[in-house]
Amino acid sequence: CALPILKKYLKDNNNDENKEIYQYLYNEIGLLQKNRCSSIEEAQLLEDINIYLERVSNLKNIDPKKIFKVNDFKEILQSGEKLTSFDVKSLINIILENKSNTSFQLASKIIYQMNNNKINNINDTIFPIANSYVYTELCNKLLSQSKPRVKEINNFLKLMEQYDIKLDSNLVSKIIKSYVSKKLYSESIKFINDYVFSNNLIAIQINYNSNQEESIKEDKKLYTDVFTAFYKSVKAGSLTKEIYHERLKSLQFFTEKLLKNDLYIDENTLQEAMTTFLAYGDYQSVICLIQFYGNKLGNEGKLKFKLVLALKTKLEITVAKTAKYITKNDDTNINNEISLNRIAQYRRKFGTLSLSEDIKTQRDYPWQEVATVVYRFAELFGYKATYTKEDPFSLNISDYERQEKQKMFDTKLLELQHLYGLDQWHP
């Protein structure tokens, strides 16, 4: 701690008669170190880290590889070498392997010191300025616990906002996946709303200039994780009508950004997106996704057989449940007979039975044909996304009501085509 103390003394005691002696000591000690601490606080932090590492190295039954890493860091810190961001990531990883308040507080002090270096533009010091990579390592440790420390993660996100440290796709994906894996669906959706394509200064934004394969891969992974979060949040059930509509609106906003900016939509992402919107009963958005992807493929705009098979199989699950429900309850009822006939007709023309010939050739499909499948599926269930307990599959509705629901369905389809930047289309 000698250098920072001498530096502070020289600054505060400019007229001291012993100034020349202190200045000489400051210069000579400085020659022994490659880098100087920027403050007494940073010097004290280095001392705290060394004490902590010394305690770790003296633990019983410690992994020899870990001892090697600890001793390596002790030498680096004692030599006064400037740490890189990679060094700090590794150091925080070692500190947080022991999940205690002491280790967490020490890691937090390192982050605060790096933040201070960033905001004061201090480069000639031991610790580098703060960046997203170091925050990623810290958040990873917080997320790896059996119960994610949501409060602490939110605090660090606020710090990142304060010091203008941008989030990256990798960290955002990890936070979303951790929340979803622990069934913290509300937290995952709130995080997406706050930090993905939002107006927040550190949020993930649309990356127009990224041509690097690794960056594109991370972005596509993020998009899949977002759709998965929305999907699992609605499949978990117990959503109020208000929350359901709020989440659907957020999902449509996210999808609008993807489609309007043509961001790396491939078959896997498309399938995740369609599955998610089907879970919300938003068949119009599914049609729009198919239309977008067909347009993206060019003049022919044909979708692969495997993708169409997956979609029709997904729809068949609901159709099969409906047929079973009708048969189990009362298949002699006139309305039920009509419904069973409609189901049989749908299966032959648009459902899995329509694939009997295509399985041999595995032909590709014009996007209009695939979009029509979804439209006829919605037609089968009265163009309704929500169902009553008395009529869970919306089968027993009058022709008049069906026509009115169709008008509403078509109007919403046009609205979403406009929202997503697509041309008007109707089967």
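Q: Let's start with Lys109: is that residue buried or exposed, or somewhere in between?
A: In this predicted model, Lys109 comes out as partly exposed, since its relative accessible area is 44%.

Q: And which side chain does Lys109 meet in a salt bridge?
A: The partner is Asp48, and the two side chains come to 3.9 Å, counted from N to O. The pair links distant parts of the chain, with Lys109 in helix H6 (residues 101-119) and Asp48 in helix H3 (residues 40-57), 61 residues apart.

Q: How accessible is Asp48, then?
A: Asp48 has a relative accessibility of 22%, which puts this residue in the partly exposed class as well.

Q: Changing topic, how many salt bridges does the structure hold?
A: There are 14 salt bridges in the structure, and one of them joins Glu256 to Lys260, whose closest N and O atoms are 3.2 Å apart.

Q: Where do Glu256 and Lys260 sit?
A: Both belong to helix H12 (residues 241-260), and because they are four residues apart there, about one helical turn separates them. Glu256 counts as buried at 15% relative accessibility, whereas Lys260, at 48%, counts as partly exposed.

Q: What about Glu404 and Lys407?
A: Those two also form a salt bridge, with 3.5 Å between the closest N and O atoms, and they lie three residues apart in helix H19 (residues 399-419), about one turn of the helix. Glu404 is partly exposed at 28%, while Lys407 is exposed, with a relative accessible area of 53%.

Q: Which residues are linked in a network of salt bridges?
A: Asp358, Arg363 and Glu369 are connected in such a network.

Terms used:
Residues numbered from 1 in each chain as written. Predicted model: local features only at pLDDT ≥ 70, side-chain atom pairs only at ≥ 80, totals over all residues. Heavy atoms only, no water. Salt bridge = Lys/Arg side-chain N within 4 Å of Asp/Glu carboxyl O. Helix = DSSP H or I, 4+ residues; strand = E, 2+ residues; numbered from the N terminus. Buried < 20%, exposed > 50% of the residue type's maximum accessible area, 1.4 Å probe, protein only.
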